[in-house]
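Okay, thanks for coming, everyone. I'd like to walk you through a structure today, so pull it up and follow along with me.

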Amino acid sequence: MLWFEERPNVAAPRPEESGLRLEVRRFLDGECKAGGFVPRPNNWVAFDRAFSIRCAEQGYVGTTLPKQYGGGGKSARERLVICEEMLAAGAPLGSHWIADRQSAPQILRHGSEALRARLLPEIAAGRCTFAIGMSEPDSGSDLSSIRTAARKVDGGWRLDGRKVWTTNAHHADYMIVLCRTAPRGEDRYAGLSQLVVEVASDGVTVRPIRNLAGEHELNEVIFEGAFVPDDNLLGEGGDGWRLVNEELGFERSGPDRFLSTYPVLRLLVAETGKDPNRYQAVAIGQLLSRLLAVRSLSHSIADLLANGERVILAATMMKDIGTALEQEIPQVAGRLLEIHPDPHGSGFAAALAAALLNAPSFTIRGGTREILKGIVARELGLR
Ligand SMILES: Cc1cc2nc3c(=O)[nH]c(=O)nc-3n(C[C@H](O)[C@H](O)[C@H](O)COP(=O)(O)OP(=O)(O)OC[C@H]3O[C@@H](n4cnc5c(N)ncnc54)[C@H](O)[C@@H]3O)c2cc1C
């Protein structure tokens, strides 16, 4: 199914993007045929560092980073094309995804020059994995109530506390940790900071949490007096609330918020063949039309972001609509075919099982639906 190609008027791709799209697609076809990866849903979490390094060699990681830091110096739109193709192919992106999507832009905008020079070239080379250190056992939706804290010491900070649900922390080299650097006062949003923590440091312990599919993807991370050098503070210190919200902006409106189960849709179309029955044709058509609408919205937001415009309302709505759709795709696919989900099987059965077991988390990670609706209401002036 080539819906990116067949509807060139949707989201108005520019001529140079078609060439890039075909180039990325050829690379991914070659990798897949050579056994470099097996397509799977929820693939932006699947970890394979060797694959990420091969992607980086093609210029598909750190694409928008400036050349002086080893990046490609390309546009956000070109990065979007690469990301869409990688996600649609079901390639394992977990080793570089978080670093490429949010940690690198965050370090570029708010990191010290020493930090930028040290980490950005490693990220662009696909050799550096990042994790997101926001949620804590009693603070997920309400991040301002976090208790992880850093106290100032000679040359840096000592960090104590606990993070939870940390995706791929067991593979990560670094984690951007939201912590309290000043006691909580009347303004609960003041006194927070973001620190870039080396996961291999003394005083950092990573413990596994198994998900519904029995996979080890999530972790608990404990900090016991871990030392973080001054250079690893993002921003001015104390402005962590603003920074963390900027970081969430990178998380919410990209194609990973509606393409997590696209590999299932692709296999569904392959299984129903060229002659689907009427019920199958209508259901697949409905999914595809919704996918195209969400994709159009995502592209529009990417353009607004590139122009430096405020996108909170649109990005929040997009995540809500996109994750609801990617959650629904395996449900519909499971009803359309007489193939049962099988985590130990192959092809459609295995992809369907992985998608069904992972789908409940799509509307929790990156902000729950209730929280997103609250943000939309606030942005519309309704509360
Ligand atoms: C697969 C997965 C990966 C994740 N990866 C990471 C990661 O890498 N790093 C990281 O920091 N976090 C990660 N998270 C954590 C995620 O961001 C949180 O789970 C999420 O923000 C919700 O927080 P919580 O689990 O503490 O639930 P809570 O905040 O306790 O919410 C529980 C329920 O109450 C509702 N609720 C809470 N407050 C309100 C309110 N004010 N109004 C209405 N309803 C409300 C919520 O919608 C939810 O239904 C991940 C989560 C998942 C599922």
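I'll go through some aromatic rings, then the paired strands, and finish with a pair of helices.

One thing up front: this is a predicted model, so please keep that in mind as we go.

Let's start with the aromatics. How many aromatic pairs are there? The count comes to 6 aromatic pairs. Take Phe27 and Tyr60 as one of them: the rings sit 5.5 Å centre to centre, with 70° between the planes, and the pair is edge-to-face. What I like here is where the two partners come from. Phe27 is in helix H2, residues 15-33, while Tyr60 is in the loop between helix H3 (49-57) and helix H4 (76-89), so the pair links distant parts of the chain, 33 residues apart. Are these rings buried or exposed? Phe27 is buried, at a relative accessible area of 13%, and Tyr60 is buried too, at 4%.

Now swing over to Phe37 and Phe51. Their ring centres are 5.5 Å apart and the planes meet at 65°; an angle over 60 counts as edge-to-face, so that is what we call this pair. Again the pair links distant parts of the chain: Phe37 lies in the loop between H2 and H3, Phe51 lies in helix H3, and they are 14 residues apart. Phe37 has 6% relative accessibility, and because the cut-off for buried is under 20%, Phe37 counts as buried. Phe51 is buried as well, with a relative accessible area of 0%. Put those together, and Phe27, Phe37, Phe51 and Tyr60 form one aromatic cluster.

On to the strands. Strand E2, residues 149-153, pairs with strand E3, residues 156-164, in the antiparallel sense over 5 bridges. If you want a place to look, find Val153, which stands opposite Gly156 in E3. The hairpin of E2 and E3 has 2 residues between the strands, and Gly155 there takes a positive phi near 80°. While you're in this region, look at Lys152: its charged end sits over the ring of Trp157, 5.4 Å from the ring centre.

From E3 we can step across to E7. Those two run antiparallel and are joined by 9 bridges, and Arg162 stands opposite Ile222 in E7.

And what pairs with E7 besides that? Strand E6, residues 204-210, is joined to strand E7, residues 216-229, by 7 bridges, and the two run antiparallel. Val206 has Val221 as its bridge partner in E7. The hairpin of E6 and E7 has 5 residues between the strands, and Gly214 takes a positive phi near 80° in it.

Stay on E6 for a second, since Arg207 is in that strand. Arg207 is partly exposed, with a relative accessible area of 43%. For a sense of scale, the C-alpha atoms of Arg207 and Gly285 are separated by 43 Å, and the two residues are 78 apart along the chain.

Last stop, two helices. Helix H10, residues 312-336, packs with helix H11, residues 347-358, at an angle of about 140°, with the axes 9 Å apart. Which word fits that arrangement? Angles over 145 would count as roughly antiparallel, and this one makes H10 oblique to H11. As for handedness, H10 passes H11 in a left-handed crossing.

That's my tour, happy to take questions.

Notes. Residues numbered from 1 in each chain as written. Predicted model: local features only at pLDDT ≥ 70, side-chain atom pairs only at ≥ 80, totals over all residues. Heavy atoms only, no water. Pairing = 2+ DSSP bridges. Helix = DSSP H or I, 4+ residues; strand = E, 2+ residues; numbered from the N terminus. Phe/Tyr/Trp six-rings, centres within 6.5 Å; stacked < 30°, edge-to-face > 60°. Buried < 20%, exposed > 50% of the residue type's maximum accessible area, 1.4 Å probe, protein only. Lys NZ or Arg CZ within 6 Å of the ring centre and 35° of its normal. Axes fitted to C-alpha atoms, helices over the stretch in contact; angles between N-to-C directions. Parallel < 35°, antiparallel > 145°, perpendicular 65-115°, else oblique. Left-handed = near helix turned anticlockwise from the far one by under 90°.
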